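Let's take a friendly walk through a protein and the small molecule it holds. Have the sequence and the 3D view ready, and follow along one step at a time.

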Amino acid sequence: MATEMKTLQPGGLSAEEKADFQTEGFLHIRGAISSDKAAHLSRMIDTHTADEPDSIQNRTDVFSIDPAFLNLVDLPQILPKVRDILGDNIWINHTHFNRNPALPPEEDWSYFWHRDGGAVVDDLPFPAPLVFIKVGFYLTDLSEADSGQTHVIPGSHRRPEAPPAPHEFPAGAVPIKTQPGDAILYDYRVIHSLQSPNSSPTIRRAVFLQYAYRWIQPLSSFSILPYMENCSPIRRQLLGLTRTESNLAGRAKGRSGLFYPTKEDVPLRGASPKKTGLKKLIWQAMQTLRS
Ligand SMILES: O=C(O)CCC(=O)C(=O)O
């Protein structure tokens with residue numbers, strides 16, 4: 001039965017994935033993009049960091065850098081899972097990519113343990129609600145130890161502890177080993193590393209998109225280039241291009257569609273049913289009975 005339900009969920013979270021995400025604070029999605037696409041995005045990253053190829057590079061606002069990154073925003077392998085957790089009233093409020101070449105080992109390597117969200121973490125007392133999901137797309141082979149994997153402290157999103165000192169390696173921290181094209185969904189509250197040692201021959205390359213509620217401001221600058229005008233309605237929503245002046249069904253004009261979203265603000269609501277295999281199973285059974 002469990003297997004049947006999983007296969008009936010096109011793209012959404014299975015019960016097992018949901019439980020994993022809730023328990024660990026992250027979820028590994030294998031093969032979110034093909035290895036060819038991962039290689040293409042890696043080349044884009046190299047092209048746009050060619051000025052300083054030998055140091056750690058991090059660039060925000062990836063859509064302004066190259067339109068190739070746009071194809072990540074509404075992937076059927078990822079978006080339905082994000083939607084199952086955060087719902088439909090979401091957009092992308094932060095993007096970045098990074099390129100981490102092997103560096104000579106330091107005596108006191110700094111992992112820079114942190115929770116995402118900056119002031120949000122300070123402003124919302126523990127236990128803060130889940131308001132962001134950051135998706136990391138890992139483009140290079142990170143299956144061997146010390147190749148620059150992101151490290152996480154599983155379960156730390158459910159505890160009030162402060163992140164460890166930057167150079168510490170806490171008990172329980174694990175590297176997330178990935179293949180090119182794998183994605184990781186992160187609960188923003190889970191403690192993880194900003195950088196990790198890379199002593200492999202491979203330059204680590206990764207892209208990150210952060211999904212947030214539409215009423216949360218951008219975390220970094222966000223350029224909307226003219227070509228984005230041709231985006232699908234759902235892409236327009238995810239890029240922050242939909243914002244009506246809502247009139248609350250004719251009752252009160254002048255409310256922001258960020259806070260009182262209309263169907264024009266949130267076309268994702270009209271997209272194919274996001275909900276569970278069980279609902280689909282019942283619907284199919286009803287159809288069979290009726291026919
Ligand atoms: O690059 C990584 O492994 C993690 C990046 C990260 O956590 C961040 O930039 O907030």
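Before we look at any contacts, one term is needed: a polar contact is a pair of N or O atoms within 3.5 Å. Keep in mind, too, that this is a predicted model.

Now find the ligand and look for histidines beside it. In the side chain of histidine 96, an N or O atom is 3.4 Å from an oxygen atom of the ligand, so this pair falls within the 3.5 Å cut-off for a polar contact. Histidine 114 also has a polar side-chain atom facing a ligand oxygen, at 3.0 Å. For histidine 192, the distance between a side-chain N or O atom and an oxygen atom of the ligand is 2.9 Å. How much of the ligand does the protein bury? On its own the ligand exposes 290 Å², and the protein buries 90% of that.

Next, widen the view to the whole shell around the ligand. Besides the three histidines, the residues there are Asn98, Asp116, Lys134, Thr150, Ser193, Leu194, Arg204 and Phe208. Sorted by class, the shell has two nonpolar, six polar and three charged residues.

Where does the ligand sit? Its place is the second largest pocket. Two elements give two or more residues to the shell around the ligand: strand S3 (90-100) and strand S8 (204-213).

Let's explore that pocket itself. The second largest pocket holds about 340 Å³ of space. Its lining consists of 25 residues, and those nearest the centre are His96, Asn98, His114, Ser193 and Leu194. Strand S2 (57-60), S3, strand S4 (132-138) and S8 each give two or more residues to this lining. Which of the elements gives the most to the lining? That is S3, with four residues. By class, the pocket lining has six nonpolar, 16 polar and three charged residues.

Finally, turn to two details of the backbone. Most residues other than glycine have a negative phi, and most peptide bonds are trans. With that in mind, visit phenylalanine 112, in the loop between S3 and H6. Phenylalanine 112 is not a glycine, yet its phi is positive, about 55°. Then move along to proline 127, in the loop between helix H6 (119-123) and S4. The peptide bond joining phenylalanine 126 and proline 127 is cis, with an omega of about -5°.

Note on methods. Residues are numbered from 1 along each chain as its sequence is written. This is a predicted model: local features need pLDDT of at least 70, side-chain atom pairs count only at pLDDT 80 or more; totals for chains, interfaces and linings use all residues. Side-chain values use heavy atoms; hydrogens and water are left out. A residue is near a molecule or strand if one of its heavy atoms lies within 4 Å of it. A polar contact is a pair of N or O atoms within 3.5 Å; within protein, one must be able to donate a hydrogen and the other to accept it, and residues adjacent in sequence count only if both atoms are side-chain atoms. Accessible areas come from the Shrake-Rupley method with a 1.4 Å probe; for residues, only the protein chains shown count as cover. On a 1 Å grid over the protein atoms alone, a cavity is a set of points where a 1.4 Å probe fits but cannot get out, and a pocket is an open set with protein on both sides within 12 Å along at least five of seven lines; lining residues have an atom within 4 Å of a point. A molecule sits in a cavity or pocket if more than half of its atoms lie within 2 Å of its grid points. Ala, Val, Leu, Ile, Met, Phe, Trp, Tyr, Cys and Pro count as nonpolar, Asp, Glu, Lys and Arg as charged, and the others, Gly among them, as polar. Grid points are joined across faces, edges and corners, and a volume is the space filled by probe spheres set on the points.
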